[in-house]
Amino acid sequence: MRQVLIFDTTLRDGLKSPGTILTIEEKVRIASQLARLNVDVLEVGFPAASQEQYAVVERVSREISGPIITALARATNPRDFEIAWKTIRASERPRLHTFAPISKEYREHFLKKDAHQAVEISVAAVKTARKYTPDVEFSLVDAFRADPKEVLEMVRSVVDAGATVVNLADTVGRATPSDVAVLFRLLREGIDQFGNVTFSIHCHNDLGMAVSNSLAAVMEGATQVHCTVNGIGERAGNTPLEELVAALSTRSDLFGAESRIHLDQIYPSSRLVRRLTGVNLQPHKPVVGSNAFFYASDVPQFADATDKPPYEIMHPEKLGIQKTGELLSSRTTLAELRNRFEELGYDLSSERLQECYSAFQELAMKKEQIFDADLELLVNTMAVMEPAPFNLLYLKVNAGSISVPNATVQMEVNGEVLQDSGFGHGPVDAAFKTIMKMTRRQPRLVRYSVGAVTPGTDAQGEVSIRIEEGSHLVNGRGADTDIVLASAKALVDALNKLERVREEAVIYEFTDEESWLPKL
Ligand code: MN
């Protein structure tokens with residue numbers, strides 16, 4: 001079996017999903033889960049873009065072991081390489097990733113250069129990167145709209161210059177599997193070094209073909225695929241990691257290739273990314289959607305329950321889906337809780353475990369069965385205890401068919417404890433208006449959705465909101481068995497994120513000539 005390397009870009013390209021603002025702690029948490037999932041390459045940011053991205057890449061390089069850690073640098077900016085290298089040099093296996101546009105459209109718009117000049121820039125960039133590290137990935141931006149002869153020339157030149165990984169990006173998401181096959185075949189036949197270089201693909205899902213395109217590349221010799229967890233990313237997103245990996249594993253007979261992904265970490269990874277980014281999944285999403293393994297009751301049932309149903313092509317239990325026998329309750333002991341957390345990938349200190357156990361017991365008084373999703377909420381809510389400008393201390397609402405809904409809120413606003421109350425059209429509206437009055441913020445609420453984390457009327461409600469202020473768009477999330485309280489938590493979460501985006505400092509000033517942004 002050939003190995004297909006999984007290059008995860010959830011924390012770089014994936015976070016271009018509108019409104020996904022994560023703290024450094026949250027990004028490091030996702031990175032450590034991705035290492036547990038056993039991705040081969042981790043791309044966690046574009047260090048020259050901001051102080052915050054610099055800090056994340058640097059921390060992940062120091063703290064996460066296992067995957068290759070890579071950082072992005074623009075081909076035209078020597079300073080990007082210096083900055084990127086500083087962030088990754090502490091990692092076990094650092095890789096520099098640089099890129100340049102090859103299609104006429106992208107070259108002229110972003111680079112204002114012809115194909116020949118673009119090749120020269122790319123060769124120089126690879127040589128610069130090689131001064132820092134022997135592992136250099138070069139990406140051709142918008143490769144599938146470009147002239148194939150120019151693609152071939154650029155690939156040949158960067159390989160000669162020392163690139164060890166060559167990645168073709170379908171930046172705009174217009175390629176089809178046959179386009180991909182044709183171009184990879186051309187490279188396989190036209191590049192003498194094809195077998196000595198890792199060929200890779202980066203797809204976008206605008207036409208719903210990101211997985212198919214990636215698999216077409218694998219069939220034609222690519223040995224690395226760029227993915228994001230849940231397929232998050234700008235527009236229609238990137239290649240969903242879980243779908244690609246499930247296809248490789250289910251149809252290994254056809255692809256003759258496998259990934260090193262630990263399948264039992266697929267569900268925990270998907271849930272973590274969903275929770276921290278606030279990007280929800282459609283119920284019928286392949287592999288990780290809530291209906292993906294839920295069979296309608298009119299499907300014929302079979303007498304022998306131990307038989308695998310003939311309509312099941314994948315084994316959900318291998319993907320880390322929780323079995324009924326693994327549900328926890330108020331009878332669960334501290335040791336059992338520790339075990340479950342370990343299986344879910346949380347290595348907690350005894351002090352933190354004790355805190356979690358107290359919170360767990362409190363929750364177990366409110367609901368009978370505790371699911372993995374509840375445990376993850378619990379540990380993640382407790383983890384996000386970074387100092388924040390706004391903290392909700394107390395909420396009381398009155399609502400019903402007769403009274404005018406009103407809310408009383410106590411909160412800490414920039415270190416000062418305030419209390420106020422207000423009316424609204426419903427309890428959530430009353431709570432929101434009061435919180436906004438107290439924080440003196442008037443963002444526009446562009447989305448509000450509430451869902452149950454687990455089955456049962458005692459389930460925790462998880463509220464996801466999106467607010468907008470000026471050019472800033474952020475998501476907030478909150479969970480509680482009381483959905484009004486969950487809503488208030490979600491709003492406060494979003495308001496805190498809004499404060500953070502406002503403060504984000506840019507360490508790199510774009511100059512005119514180099515003003516093209518990382519678009520890959
Ligand atoms: Mn991209």
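How many residue pairs are in polar contact between domain 2 and domain 3? Hold that thought while we get our bearings. What you're looking at is a predicted model, and its domain assignment splits the protein chain into domain 1 (2–277), domain 2 (325–383) and domain 3 (390–503).

Now back to domains 2 and 3. Their C-alpha centres sit 25 Å apart, and 8 residues of domain 2 are in contact with 10 residues of domain 3. Between them, about 730 Å² of area is buried, with carbon and sulfur atoms giving 63% of that. On the domain 2 side, K366, K367 and L377 lose the most area to domain 3, together making up 56% of what that side buries. As for the opening question, the count is 3 residue pairs in polar contact, both residues being at pLDDT 80 or more, while the salt bridge count is 0. If you want to find the domain 2 side of this meeting place, look at α13 (350–366) and α14 (372–383), the elements that give two or more residues to it. Of these, α14 gives the most, with 3 residues.

Next, the metal. A manganese ion is coordinated by D13 (OD), H202 (NE2), H204 (NE2) and L520 (O), at 1.9 to 2.3 Å. D13 comes from the loop between β2 (5–8) and α1 (24–37), and L520 from the segment after α16 (483–503), so this pair ties together parts that are 507 residues apart in sequence. Both D13 and L520 are buried.

One last stop is helix α9 (residues 241–250), which is mostly covered: 8 of its 10 residues are buried, including L241, E242 and L248.

Definitions and conventions: Residues numbered from 1 in each chain as written. Predicted model: local features only at pLDDT ≥ 70, side-chain atom pairs only at ≥ 80, totals over all residues. Heavy atoms only, no water. Donors = N, O, S within 2.8 Å, 3.2 Å for Na, K, Ca; no water. Helix = DSSP H or I, 4+ residues; strand = E, 2+ residues; numbered from the N terminus. Buried < 20%, exposed > 50% of the residue type's maximum accessible area, 1.4 Å probe, protein only. Domains from an automatic or database assignment. Contact = heavy atoms within 4.5 Å. Buried area = accessible area lost by both parts, 1.4 Å probe. Salt bridge = Lys/Arg side-chain N within 4 Å of Asp/Glu carboxyl O. Polar contact = N/O pair within 3.5 Å; in protein donor to acceptor, adjacent residues only side chain to side chain.
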